[in-house]
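I opened this notebook to record what I looked up in one structure. The entries follow the order in which I consulted it.

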Amino acid sequence: METTISLKYINKLAVPAIIAGIAEPILSLTDAAIVGHISVNATESLAAVGIVTTFLSMLIWVLGQSRSAISSIISQYVGANKLDEVKNLPAQAITIILILSLLICFGTYPFSNAIFKLYNASGLLLDYSVSYYKIRVFGLPFTLYTFAVFGIFRGLQNTYYPMLIAITGAMVNILLDVLLVYGIADVFPPLYLKGAAIASVLAQFLMAALATYFLLKKTEIPLKLTRPFNKELPKFLNMIKHLIVRTLALNTALYFAARFATGYGNTYIAAYTIAINLWFFAAFAVDGYASAGNILSGKLFGAKNYHLLLQLSNRLIKYALIVGVIMGLIGALFYKPIGIAFTNDPEVLAQFYDIFWMVLLMQPICALAFVFDGIFKGLGKMKDLRNVLILTTLFVFLPVLFITDYYGWKLHGVFTAFTLWMIARGIPLIIKFRKQFLPQVQNH
């Protein structure tokens, strides 16, 4: 049995996972950066990307939790050397996720106008949000499918192929964004916001196709649906249930943040769009270490190697803080150019620069919370994650948001709520983890 876990071993999983993890936020960041510089209604287009991204992120995070559930189960069986017992589980899980995603696509499409009115969108902003969403929503099944396949690879202790898929998807998305948004002279006209949406969907389709190829060629996991139902399917569905409730709580926070920002005016929601997408990007970047925590904690827990599990958590705390500080410093170093990369509107830039420092200061705090999210997912303790997020959203985020709004803090209030929310999410998980596993190590 292994007696230590090295930085090299962790990074072998974490670094490719970081690159793979930023694929989805890069789609939204690219859309935001490109449409923020178009010649027609750039501010409204940028704001529309922000509102739709918030709603789509909710859908993706709710159903995308299949990645963590699949990864947790497979990694524990890998640790116990019993992988053959769960080989038919992924196909069954993916089928369920795809059916749900298609129901959501066709269920929300006719009501997109009403949905974005709930975000305080009106007039041209509402029209842009609806037209953008009615294209981008069809990328949802491809994204959720790709996430599920990434979960299989994570469970198999492999983050290399997801990295290749993510890099390819991001590069293709950037290329298509430029071509479709701005058009090509004498070939086809600029499609503006609709072009950005089409580019994202095509990139998501490509990533799903590549995920299928690598899974079938590089693993022994079949995609053919077979009976009987795997014995771990009820456990998978139970994990999904807890994670869906947890993610609904998470997206309650994101919904109210976007709704309040939109209510302050188009300039504010445009600035919020830039800031929150950068926050998502940083979160998914740090998620590489959270993924390593997810992958390795599941394997070590399955092997009952609690000493190494505790050592893993201590190392990940250190690495997460380092990555968080580095992310903050990079943002501080390129403070002005980052804003200009998204828009030239001086009013939007003024609002963005006024709150971007708060996003940067949050990074080490977020890193800790995300890493322990990953560890608990690997352990299969989805109920604990659910409870922590529900309580912190109801008793920290929402009260702070409403109180600061009352006192006129506007975007400062929104990001104060986010900061205190992340602190309240991380600390209980660290305490609970050490309380459970420290005695087991000491007793052995």
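The entries below move from the whole chain to single residues.

**Entry 1. Overall form**

I noted at the outset that this is a predicted model. I looked up the secondary structure and found 17 helices and 0 strands in the chain. I then asked how the radius of gyration compares with that of a compact globule of 444 residues. The chain has 21 Å, and a compact globule would have a value near 22 Å, so the two agree. For the extent of the C-alpha trace along its principal axes, I recorded about 65 × 45 × 35 Å.

**Entry 2. Burial, contacts and surface**

I looked up burial next: 60% of the 444 residues are buried. I also checked the contacts between residues at least 6 apart in sequence, and 85% of them join residues at least 24 apart. The accessible surface of the chain is about 17,500 Å², and carbon and sulfur atoms account for 68% of that surface.

**Entry 3. Charges**

I counted 33 positive and 18 negative charges in the chain. The mean positions of these two sets lie 13 Å apart.

**Entry 4. Aromatic pairs**

I looked up the aromatic pairs, and the count came to 36. One of them joins Tyr160 and Tyr161 in an edge-to-face arrangement, with 5.4 Å centre to centre and 65° between the planes. Are these two residues buried or exposed, or in between? Tyr160 has a relative accessibility of 44% and therefore counts as partly exposed. Tyr161 has 16% and therefore counts as buried, the limit being 20%.

I then turned to Tyr272 and Phe415, which form a tilted pair at 6.0 Å centre to centre, with 45° between the planes. This pair links distant parts of the chain, as its members are 143 residues apart. Tyr272 belongs to helix 12 (residues 266–302), and Phe415 belongs to helix 17 (residues 411–443). I found both Tyr272 and Phe415 to be buried.

I also asked which residues the ring pairs link into a cluster. The members are Phe55, Phe116, Tyr119, Tyr133, Tyr255, Phe256, Phe260 and Phe402.

**Entry 5. Backbone exceptions**

Before the next items I reminded myself that most residues other than glycine have a negative phi, and that most peptide bonds are trans.

I looked up the peptide bond from Arg227 to Pro228 and found that it is cis, with omega near 0°. Pro228 is placed in the loop between helix 10 (192–218) and helix 11 (233–263).

Asn120 is not a glycine, yet it has a positive phi of about 75°. I located Asn120 in the loop between helix 6 (112–117) and helix 7 (123–136). Its relative accessible area of 32% makes Asn120 partly exposed.

Lys410, also not a glycine, has a positive phi of about 55°. I located Lys410 in the loop between helix 16 (382–406) and helix 17. With a relative accessible area of 34%, Lys410 is partly exposed.

**Entry 6. Arg315**

My last search concerned Arg315, which I found in helix 13 (residues 306–333). Arg315 has a relative accessible area of 24%, so I entered it as partly exposed. How far apart are Arg315 and Asp127 in sequence and in space? They are 188 residues apart in sequence, and their C-alpha atoms are 48 Å apart in space.

Key: Residues numbered from 1 in each chain as written. Predicted model: local features only at pLDDT ≥ 70, side-chain atom pairs only at ≥ 80, totals over all residues. Heavy atoms only, no water. Helix = DSSP H or I, 4+ residues; strand = E, 2+ residues; numbered from the N terminus. Rg over C-alpha atoms; globule rule 2.2 N^0.38 Å. Buried < 20%, exposed > 50% of the residue type's maximum accessible area, 1.4 Å probe, protein only. Contact = heavy atoms within 4.5 Å. Areas by Shrake-Rupley, 256 points an atom, 1.4 Å probe, with all protein chains shown as cover. Lys, Arg positive; Asp, Glu negative; His and termini not counted. Charge placed at Lys NZ, Arg CZ, Asp CG, Glu CD. Phe/Tyr/Trp six-rings, centres within 6.5 Å; stacked < 30°, edge-to-face > 60°.
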